[in-house]
Amino acid sequence: IAQFKRGKSGRMSPYRGWFYWHHIAGLVFGIVTLTWVLSGTVSMNPWGFLEGRGGDERIRLAGEPVAWREIRASLERIQASPPSGSIVRLETAPLDGKLFWLASRRDGSFERLDAEGRPAALTDADLKGAAQRLSGEGGIASEGTMREDDAYYFDFRSYTSRDALPLPVYRVVLNDAEQTRYYLDPRSGELLRRADATGRAQRWLFSGLHRFDFTAWMRMRPLWDVLVLALMLGGVTVTGTGVYLAFWRIKRDLGFKRVTRRWTEKPDTA
């Protein structure tokens, strides 16, 4: 930056040749390159400074574990009287200590079933009860159905395949110091994502700075691909020209030392 100037020739840099292109590329893409280095380091969570503090939310949602004999008996009843439609998969989806199933059909649709195999869609009361179990004594700042992704709940795949990111989703924001956010699947009550203070920091320091997904329009394809590809090419230019000039300097210095040593060595007079 200190060398940035316009000389008599109108150039933005006083350098020439490879030095000129290294200087210009560094001015334009240097900050982005350093940003990727920093965010890449953050992704490895050095010293554990972005460790989350959650862990038992799924247990609070599911409740007491369902006994295997109850699961086996439910499967036998469903097999004896299967629900309508071609079901290809059953997944347990316990909630508040009760057994439920999430049935996947051949056409890609889902349905929640109770232990008897009857349709048991999740109600607003079920979701509010799940939110209360998550909040504990701290209380809830806000809750409700979210039909579009927000800054902490999104997936790049959703911009090419709408099946990749479950929407709508039930969002719960706790009334705690970290404004912890929970995102629940409205079909089963399953916890899909959690965002506390450390999770939000990682979202901006790694995902934001490393992937450039700050806003929804920046995540749109192929705009995101074009933007990131251009920045990557700029970063390659900075590092590539820097490596070339480093080798050139080393080669020049080594050659200079050989010449100097040849002239300074005393001749053999023996």
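In the predicted model, Asp-96 has a relative accessible area of 44% and is therefore partly exposed. The side chain of Asp-96 meets that of Arg-133 in a salt bridge, with a distance of 3.7 Å from N to O. This contact links distant parts of the chain, since the two residues stand 37 residues apart. Asp-96 lies in the loop between strand E1 (87-92) and strand E2 (100-105), whereas Arg-133 belongs to helix H4 (residues 124-135). Arg-133, at 23% relative accessibility, is likewise classed as partly exposed. Side chains of opposite charge can pair when their charged atoms come close.

The search of the whole structure gave 16 salt bridges. One of them joins Arg-105 to Glu-111, and the closest N and O atoms of this pair are 2.5 Å apart. The relative accessibility of Arg-105 is 16%, so this residue counts as buried, the cut-off for that class being under 20%.

A further salt bridge connects Arg-221 with Asp-225, where 2.8 Å separates the closest N and O atoms. Asp-225 is partly exposed, with a relative accessibility of 30%. For Arg-221 the corresponding value is 32%, and this residue is also partly exposed. Elsewhere, Glu-57, Arg-194 and Asp-196 are joined into one network by salt bridges that share partners.

Note on methods: Residues are numbered from 1 along each chain as its sequence is written. This is a predicted model: local features need pLDDT of at least 70, side-chain atom pairs count only at pLDDT 80 or more; totals for chains, interfaces and linings use all residues. Side-chain values use heavy atoms; hydrogens and water are left out. A salt bridge is a side-chain nitrogen of Lys or Arg within 4 Å of a carboxyl oxygen of Asp or Glu. Helices (H or I, at least four residues) and strands (E, at least two) are DSSP runs, numbered from the N terminus. Buried means under 20% relative accessible area, exposed over 50%, partly exposed in between (1.4 Å probe, protein chains only).
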